[in-house]
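Student: Hi, I have a new structure open and would like to go through it with you. Could you take my questions one at a time?

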Amino acid sequence: MAVKTKRTQLGNYITKINNYDIRQKVSYKKLGLGRESKHPQIETSEYVICRGRNIMKRGLKSIEEASKYANSH
């Protein structure tokens, strides 16, 4: 079996604040099929604060909110 990477589990790496990594997970809208298909559009974006593979906080909606949480801990 293939090993799941941090990117697929936690999201794309954004930055590091103190000892915590801030990652962003993006979900896309499905658009039309066949010739109607266009480029996928971002539906939601969620920020995750983690240390290695351990998730500290999940479900933050903005990078400012995530950086406040990382600085306070």
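Student: Which elements have the lowest and the highest mean pLDDT?

Tutor: This is a predicted model, in which local features need pLDDT of at least 70 and side-chain atom pairs count only at pLDDT 80 or more, while totals for chains, interfaces and linings use all residues. Helix H1 (residues 6–10) has the lowest mean pLDDT among the elements, 82, and strand E1 (residues 12–17) has the highest, 93; pLDDT is the predictor's confidence in each residue, from 0 to 100. Helices (H or I, at least four residues) and strands (E, at least two) are DSSP runs, numbered from the N terminus.

Student: And what is the mean pLDDT of the protein?

Tutor: The mean is 85, and 89% of the residues reach 70 or more. Residues are numbered from 1 along each chain as its sequence is written, and side-chain values use heavy atoms, with hydrogens and water left out.

Student: OK, on to the strands: in what order do they sit in the sheet?

Tutor: The order is E1-E2-E3-E4, four strands that form an open sheet with antiparallel pairing, where two strands pair if DSSP finds at least two bridges between them. At the edges are E1 and strand E4 (54–60), each of which pairs on one side only. On average, neighbouring strands of this sheet are turned by 25° against each other, direction ignored; the axes are lines fitted to C-alpha atoms, for helices over the stretch in contact, and angles run from 0 to 180 degrees between N-to-C directions.

Student: How many bridges join E3 to E4?

Tutor: Five bridges join strand E3 (residues 41–51) to E4, and the two run antiparallel. Arg 51 stands opposite Asn 54 in E4.

Student: Where does helix H2 lie?

Tutor: Helix H2 (residues 63–72) lies across E1, E2, E3 and E4, and it runs at about 5° to E3.

Student: Changing topic, how many salt bridges are there?

Tutor: The count comes to one, a salt bridge being a side-chain nitrogen of Lys or Arg within 4 Å of a carboxyl oxygen of Asp or Glu. Asp 21, which is in strand E2 (residues 20–29), forms a salt bridge with Lys 16, and their closest N and O atoms are 3.4 Å apart.

Student: Is Asp 21 buried or exposed?

Tutor: Asp 21 counts as buried because its relative accessibility is 11%, whereas Lys 16, at 47%, counts as partly exposed. Buried means under 20% relative accessible area, exposed over 50% and partly exposed in between (1.4 Å probe, protein chains only).

Student: What else is Asp 21 in contact with?

Tutor: Leaving aside neighbours within four places in sequence, the residues in contact with Asp 21 include Tyr 13, Thr 15, Val 48 and Ile 49, where contact means heavy atoms within 4.5 Å.
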